[in-house]
Amino acid sequence: MTLDPATLAWDKMDGLLPAIVQDAETDQVLMLGYMDRAALDATLADDLVTFFSRSKQRLWRKGETSGNVLRVVSVEADCDTDALLVRARPAGPTCHLGTTSCFGDEGAAGVGWLGTLERIVAERASASPDHSYTARLLADGPAKAAQKVGEEGVEVALAAVSRDQAGLTEEAADLLFHLLVTLRSRDVSLAAVVDVLRQRHLSQ
């Protein structure tokens, strides 16, 4: 859905709307800022998050001094059209304190951490195979990573019928890790896989 700034409730807060920024891959809440109409227009125009700074009374592009910009994936309004949800990809820490999020640095929670792990796998791809198991798997190509998925899949199946919950959990974690490595080796994103699942659900 295309966002029309003219339809938003700018009059409720003297021309400002709260804008929650969420990591597009991990779903972690990164920060809260405020946008006026000009800030939203700038954000939509160049796909870089821009706020209205209430302390400086001017437009402020996130990362304009640090380089830690927020690249926009989508912008949506809530049901009352008086708040915005911005999904973005951060280019470095979002908080001025150097943390991933302004709400702490514990990282994404729950299944959202798979997005964080996907980024870690991507970063390890450029590491030395001598010092990184992930880099070694990726250097060996898709066939080796796929072999590990097969092996771990069997381990999960065996654990499901012969081990306790902790054992099954550990094997499932190994399987998910090697699946992410395999996807990376074929340049397939986790988001693409999730979207297939979502589309299948919607078509039922």
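Here are some exercises with worked solutions on the predicted model shown above.

**Exercise 1: The two domains**

Task: Find where the domains of this protein begin and end, and describe how they sit relative to each other.

Solution:
- Step 1. Start with the bounds: domain 1 covers 10-90 and domain 2 covers 112-203.
- Step 2. Next, take the C-alpha centres of domain 1 and domain 2, which lie 33 Å apart.
- Step 3. Finally, look at the contacts: 4 residues of domain 1 touch 5 residues of domain 2.

**Exercise 2: The largest pocket**

Task: Work out how much space lies in the largest pocket, and which residues are closest to its centre.

Solution:
- Step 1. The volume of the largest pocket is about 450 Å³.
- Step 2. Its lining is made of 22 residues, and those closest to the centre are Met31, Trp60, Lys62, Thr94 and His96.
- Step 3. Now sort the lining by residue type: 9 are nonpolar, 9 are polar and 4 are charged.
- Step 4. Ask which elements contribute. Strand 2 (29-35) and strand 3 (50-53) each give at least two residues to this lining. Strand 2 gives the most, with 4 residues.

**Exercise 3: The second largest pocket**

Task: Describe the second largest pocket in the same step-by-step way, and find which domains supply its lining.

Solution:
- Step 1. About 360 Å³ of space lies in this pocket.
- Step 2. There are 16 lining residues, and Ala24, Glu25, Arg87, Ala191 and Val194 lie nearest the centre of the pocket.
- Step 3. Strand 6 (84-90), helix 2 (113-124) and helix 6 (190-203) are the elements that give two or more residues to the lining. Helix 6 gives the most, with 4 residues.
- Step 4. By type, the lining of the second largest pocket has 7 nonpolar, 3 polar and 6 charged residues.
- Step 5. Domain 1 and domain 2 each supply at least three residues of this lining.

**Exercise 4: Strand 3 and its partner**

Task: Decide whether the faces of strand 3 are covered or open, and find out how strand 3 is joined to strand 4.

Solution:
- Step 1. Look at one side of strand 3, where Thr50 and Phe52 are buried.
- Step 2. Turn to the other side, where Phe51 and Ser53 are buried too; both faces are therefore covered.
- Step 3. Now find the partner: strand 4 (residues 58-61) runs antiparallel to strand 3, and 4 bridges join the two. Within this pair, Phe52 stands opposite Leu59 of strand 4.
- Step 4. Follow the chain from one strand to the other. The two strands form a hairpin with 4 residues between them, and Gln57 in the turn has a positive phi of about 55°.

**Exercise 5: Two buried residues in helices**

Task: Place Thr43 and Leu190 in their helices, and explain why each counts as buried.

Solution:
- Step 1. Thr43 belongs to helix 1 (residues 37-46), while Leu190 is part of helix 6.
- Step 2. Recall the cut-off: buried means under 20% relative accessible area.
- Step 3. Thr43 counts as buried because its relative accessibility is 0%. Leu190 is buried because its relative accessible area is 18%.
- Step 4. Check the surroundings, leaving out residues up to four places away in sequence. Thr43 touches Met35, Leu48, Val49, Thr50, Val72 and Val75. Leu190 touches Leu114, Gly115, Glu118 and Leu180.

**Exercise 6: Positive phi without glycine**

Task: Asp14 and Asp47 both have a positive phi; find where each lies and whether it is buried, partly exposed or exposed.

Solution:
- Step 1. Phi of Asp14 is near 55°, and Asp47 has a phi of about 60°. Neither Asp14 nor Asp47 is a glycine.
- Step 2. Asp14 sits in the segment before strand 1 (17-23), whereas Asp47 lies in the loop between helix 1 and strand 3.
- Step 3. Asp14 is exposed because its relative accessibility is 77%. Asp47 is partly exposed, with a relative accessible area of 43%.

**Exercise 7: A loop cysteine**

Task: Locate Cys102 and list the residues it touches.

Solution:
- Step 1. Cys102 is in the loop between strand 6 and helix 2.
- Step 2. At 40% relative accessibility, Cys102 is partly exposed.
- Step 3. Leaving out residues up to four places away in sequence, Cys102 touches Leu30, Met31 and Cys95.
- Step 4. Compare sequence with space: Cys102 and Val29 are 73 residues apart along the chain, and their C-alpha atoms are 8.3 Å apart.

Definitions and conventions:
Residues are numbered from 1 along each chain as its sequence is written. This is a predicted model: local features need pLDDT of at least 70, side-chain atom pairs count only at pLDDT 80 or more; totals for chains, interfaces and linings use all residues. Side-chain values use heavy atoms; hydrogens and water are left out. On a 1 Å grid over the protein atoms alone, a cavity is a set of points where a 1.4 Å probe fits but cannot get out, and a pocket is an open set with protein on both sides within 12 Å along at least five of seven lines; lining residues have an atom within 4 Å of a point. Grid points are joined across faces, edges and corners, and a volume is the space filled by probe spheres set on the points. Ala, Val, Leu, Ile, Met, Phe, Trp, Tyr, Cys and Pro count as nonpolar, Asp, Glu, Lys and Arg as charged, and the others, Gly among them, as polar. Domain bounds come from an automatic or database domain assignment. Buried means under 20% relative accessible area, exposed over 50%, partly exposed in between (1.4 Å probe, protein chains only). Two strands pair if DSSP finds at least two bridges between them. Contact means heavy atoms within 4.5 Å.
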